[in-house]
Amino acid sequence: DRDVLAAALAGERLAAAPVGADPLRPPARVCPAPRYAAMEEHFAAVGCAEAGTAMMSGTAALQVNLDAGPCAGWSERVSLAHQLGPTLVAVAACSPLAGGRPTGWVSQRQQVWGDLDQARCGPLLGGADPAGEWAEYALTAPVMLVRDPDGGGAAHVRDRVRFADWVTGAVPLGGRA
């Protein structure tokens, strides 16, 4: 796969770089999609505009999804994943630059994610009930945007409204519950 990708990029005079954050360009949103405009406004409203823009426009990641397996042992497996987290961050620490300058971080990408709104993207704590903890986390996460039911855009959410409050109808967003 890597060879096919490298050849395709080379045909366009491009190449892949093994970094987790753009080392040269200053962060600036380029995607015009309504979702990204809403994200930009939301992150600014909750106090992490710089990190939000950097995450959207200058970081890359490989997301690994693992099956939770049988209910017996969930807590132990989630705990182990949390223990492995720092090692996995260190293994992928390959982005010491931003805007052409050293950041003081070996992983600028991790620094950006650490500066984002932790109510939306912070780690779970690895308690005795991972499924319940995840459900609680999801229900208390602030809503960032509500898609237009006609597919024409998204209502931007600038205030902290818990997902549970929108889903139950306690706080209508985008003109609807």
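Select Arg162 to begin: in this predicted model, Arg162 is partly exposed, with a relative accessible area of 37%. Now add Asp165 to the selection, and you will find that the two side chains meet in a salt bridge, with 3.2 Å from N to O. Asp165 also counts as partly exposed, at 24% relative accessibility, because the partly exposed class runs between 20% and 50%.

**More salt bridges**

The pair you have just seen is a salt bridge, and the count for the structure comes to five. Select Glu41 and Arg158 next, whose closest N and O atoms are 2.4 Å apart in another salt bridge. Glu41 lies in helix 2, while Arg158 lies in the loop between strand 4 (154-156) and helix 8 (163-167), so this pair ties together parts that are 117 residues apart in sequence. If you colour the two residues by accessibility, Glu41 is partly exposed at 28%, and Arg158 is partly exposed at 46%.

Stay with helix 2 and select Glu40, which forms a salt bridge with Arg29, the closest N and O atoms being 3.0 Å apart. Here Glu40 sits in helix 2 (residues 34-45) and Arg29 in the loop between helix 1 (2-11) and helix 2, eleven residues away, and the pair links distant parts of the chain. Both partners are partly exposed, Glu40 with a relative accessible area of 29% and Arg29 with one of 28%.

**Helix 3 and its neighbours**

Now select residues 49-58, which make up helix 3. How many of the ten residues of this helix are buried? Eight of them are, so helix 3 is largely enclosed by the rest of the structure. The buried residues are Ala51, Gly52, Thr53, Ala54, Met55, Met56, Ser57 and Gly58. To see what surrounds them, show helix 2 and helix 5 as well, since the buried residues of helix 3 pack against these two helices.

**The nonpolar cores**

Keep helix 3 on display and select Met39, Phe43, Cys48, Met55, Leu116, Met144 and Leu145, which are the residues with the most contacts inside the largest nonpolar core, a set of 14 residues. The elements that give two or more residues to this core are helix 2 and helix 3, and helix 3 gives the most, with four residues. Zoom in on Met39, which touches Met55, Met56 and Met144 when residues up to four places away in sequence are not counted. Apart from this core lies another, of six residues, and you can select some of its members, among them Val146, Val157, Val161 and Leu173. In soluble globular proteins, nonpolar side chains tend to be buried together.

**A nonpolar patch on the surface**

Turn next to the surface and select Leu80, Leu84 and Leu88, which form a nonpolar patch there, with about 290 Å² of accessible area together. Leu80 has its place in helix 4 (residues 74-91), and it is partly exposed, with a relative accessible area of 46%.

**A last stop at Ser107**

Finally, select Ser107, in the loop between strand 2 (101-102) and helix 5 (108-115). Is this serine buried or exposed? At 10% relative accessibility, Ser107 counts as buried, because buried means under 20%. Show Ala93 and Ser95 beside it, for Ser107 touches both of them, leaving aside residues up to four places away in sequence.

Technical notes:
Residues numbered from 1 in each chain as written. Predicted model: local features only at pLDDT ≥ 70, side-chain atom pairs only at ≥ 80, totals over all residues. Heavy atoms only, no water. Salt bridge = Lys/Arg side-chain N within 4 Å of Asp/Glu carboxyl O. Buried < 20%, exposed > 50% of the residue type's maximum accessible area, 1.4 Å probe, protein only. Contact = heavy atoms within 4.5 Å. Patch = residues over 30% accessible without salt bridge, like charges linked within 9 Å, V, L, I, M, F, W, Y side chains within 5 Å. Areas by Shrake-Rupley, 256 points an atom, 1.4 Å probe, with all protein chains shown as cover. Core = buried A, V, L, I, M, F, W, Y, C linked by side-chain atoms within 4.5 Å.
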